[in-house]
Amino acid sequence: MTENAAQNDPPTPPALPQGIRFAGAAGGIKASGKPDVSLIVTDRPAVMAGVYTTNQIVAAPVVLTRSKTPTSTGRVVLTNSGNANACTGEQGMQDAKAMCDFAAELTGCDATDVMVMSTGVIGQPLPMAKVRAGIEIAAGNLGDSEADFLASADAICTTDQFRKTVSQTVTLRGHEYRIAAMCKGAGMIAPNMATMLGVVMTDAPIGPDAAQASLKQIASETFNRVSVDGHTSTNDTVMLVCTGMSESDNAQELSQDELSVWQEAATQVALQLAKMLVADGEGAARFFEVRVSGAANDKDALVIAKTVAASPLVKTAITGGDPNWGRIVSAAGYAGPKIQPERTSLVMDGVTVFENGTPLSIDAAKLSQAMKANSEVLADLKVGDGPGKASFWASDLTEAYVRFNSLYTT
């Protein structure tokens, strides 16, 4: 189920994995009164893995949850929104642990099996009375329906304009496994994770080590290839929850070949979520995709694509519908990896504007009009004759983004 589907399309029921219950509640953390506590609870011990922010300034819930994963005994993913519990010192860690203790008490598991995530404003102590109230309400409303799943997804949002959920099924061993995922994020979105939280869930039988390796690869191909503002946050976390409850209790773990098929499906789920993060970028008017080919290798291609997508000059050109190919080509030149200028070409929205190091005569006004008419802009950049290729996704940079973030805490 993809939230940005056309409004007149009939809703598609999510393929929710077996053995998981969900809830969302409003404890009062957010002044708006919107939901701010999310619970995801497995019916039995489950495999849980995580990938986290690369920022050296790390929120207490990240430190705590990172120390627990991967595991084969996970039971709860608890999230609060409206307060990041970041840069809050020792009290922040004690509060994160208290959240785990309280959720464990209410759901009948050990605190070591509770994973906690937080998102919101940095540097403010958690209002623990409100956090506890939200956890208690959520624990009393756990269910496995679509409505419960969506309530849980709503409760992790902050500045998001819409919830972000996706689900898919994959058939292996003649059996249908389900994958469902949710994430939040609209600002502080940068490569290597960002102010985004996400949970990918499945009922496929996957072991802890395989789950950790798989999630790391999935993130590298999706969440680590998006940018809104180039700011890597303190709280980024994506969890993978595997219940193994789609078959019998003694189902064997997926083989390497089976895991590869499952991982491809999960990657497509994560990619849809990652693109939603960009589309929901604070103040964003356009979705910008950069495709790089001809680099010496895929790693170089990714560095070039990321550099182009993160350039404020490129972003503002996309905002204005300006086919300013010089900004894109020059960004490729300073990215670092060696390119072949005489073999460098650029196609913008299907129009070749630069070929083999030479600008072409184009109808710039017509191309600009086409760019302004679309919510998505595609730049195909060839930087040589090498085999390396990569894609990167970004939002543009608008006055609305500046206004919003200049007033975020005031």
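R343 counts as partly exposed, at 37% relative accessibility, in this model, which is predicted.

**Exercise: the partner of R343**

Determine which side chain R343 meets in a salt bridge, and whether that partner is buried or exposed.

*Solution.* Step one is to identify the partner: the side chain of R343 meets that of D385, with 3.6 Å from N to O. Step two is to place both residues in the chain. R343 lies in the loop between α9 (325–334) and β11 (345–348), while D385 lies in the loop between β14 (376–382) and β15 (388–395); the pair thus links distant parts of the chain, 42 residues apart. Step three is to apply the cut-off for exposure, which is over 50% relative accessible area. D385 has 52% relative accessibility, so D385 counts as exposed.

**Exercise: two further salt bridges**

A search of the whole structure finds five salt bridges. State for R173–E258 and for D154–R163 the N to O distance, and classify each of the four side chains as buried, partly exposed or exposed.

*Solution.* Begin with R173 and E258, whose side chains meet at 3.2 Å, N to O. Their positions follow: R173 is in the loop between β5 (164–172) and β6 (175–184), and E258 is in helix α6 (residues 256–279), so that this pair links distant parts of the chain, 85 residues apart. Next, compare each value with the burial cut-off, which is under 20% relative accessible area. E258 has 17% and is therefore buried, whereas R173, at 37%, counts as partly exposed.

Turn then to D154 and R163, in which the closest N and O atoms are 2.7 Å apart. D154 is partly exposed at 28%. R163, at 21%, also counts as partly exposed.

**Exercise: the largest nonpolar core**

Describe how many residues the largest nonpolar core has, which of them have the most contacts inside it, and which element gives the most to it.

*Solution.* First, the size: this core has 38 residues, and those with the most contacts inside it are I179, I206, F223, L240, L254 and W262. Secondly, the elements: β2 (37–52), β5, β6, α5 (208–221), β9 (237–242) and α6 each supply at least two of its residues. Thirdly, the leading contributor: α6 gives the most, with twelve residues. Finally, another core lies apart from this one; it has 30 residues, among them F288, A301, A379 and V383.

The surroundings of W262 may then be read off. Leaving aside residues up to four places away in sequence, W262 touches a set of residues that includes V170, L172, I179, I206, L240 and L254.

**Exercise: strand β9**

Establish how many residues of β9 are buried, and in which direction β2 and β7 run against this strand.

*Solution.* Consider burial first: six of the six residues of β9 are buried. In a regular strand the side chains alternate between the two faces of the sheet. In β9, T237, M239 and V241 point one way, and V238, L240 and C242 point the other way, all of them buried.

Consider pairing next. β2 and β9 run antiparallel and are joined by six bridges; V47 has C242 as its bridge partner in β9. Strand β7 (residues 197–202) and β9 run parallel, likewise joined by six bridges, and V200 has L240 as its bridge partner in β9.

**Exercise: aromatic pairs**

Classify the two aromatic pairs of the structure.

*Solution.* A pair of aromatic rings is described by the distance of the centres and the angle of the planes. For F22 and F149, the centres are 5.3 Å apart and the planes stand at 80°, so the pair is edge-to-face. F22 lies in strand β1 (residues 20–25) and F149 in helix α4 (residues 146–154), so the pair ties together parts that are 127 residues apart in sequence. F22 is buried, at 0% relative accessibility, and F149 is buried at 0% too.

For W325 and F354, the centres are 4.8 Å apart and the planes are at 25°, so this pair is stacked. W325 is in helix α9 and F354 in strand β12 (residues 351–355), 29 residues apart. W325 counts as partly exposed at 28%, whereas F354, at 6%, is buried.

**Exercise: charges over rings**

State which ring lies beneath the charged end of R132 and which beneath K164.

*Solution.* The charged end of R132 sits over the ring of F102, 4.8 Å from its centre. K164 lies over the face of F162, at 4.6 Å from the ring centre.

Key. Residues numbered from 1 in each chain as written. Predicted model: local features only at pLDDT ≥ 70, side-chain atom pairs only at ≥ 80, totals over all residues. Heavy atoms only, no water. Salt bridge = Lys/Arg side-chain N within 4 Å of Asp/Glu carboxyl O. Buried < 20%, exposed > 50% of the residue type's maximum accessible area, 1.4 Å probe, protein only. Helix = DSSP H or I, 4+ residues; strand = E, 2+ residues; numbered from the N terminus. Core = buried A, V, L, I, M, F, W, Y, C linked by side-chain atoms within 4.5 Å. Contact = heavy atoms within 4.5 Å. Pairing = 2+ DSSP bridges. Phe/Tyr/Trp six-rings, centres within 6.5 Å; stacked < 30°, edge-to-face > 60°. Lys NZ or Arg CZ within 6 Å of the ring centre and 35° of its normal.
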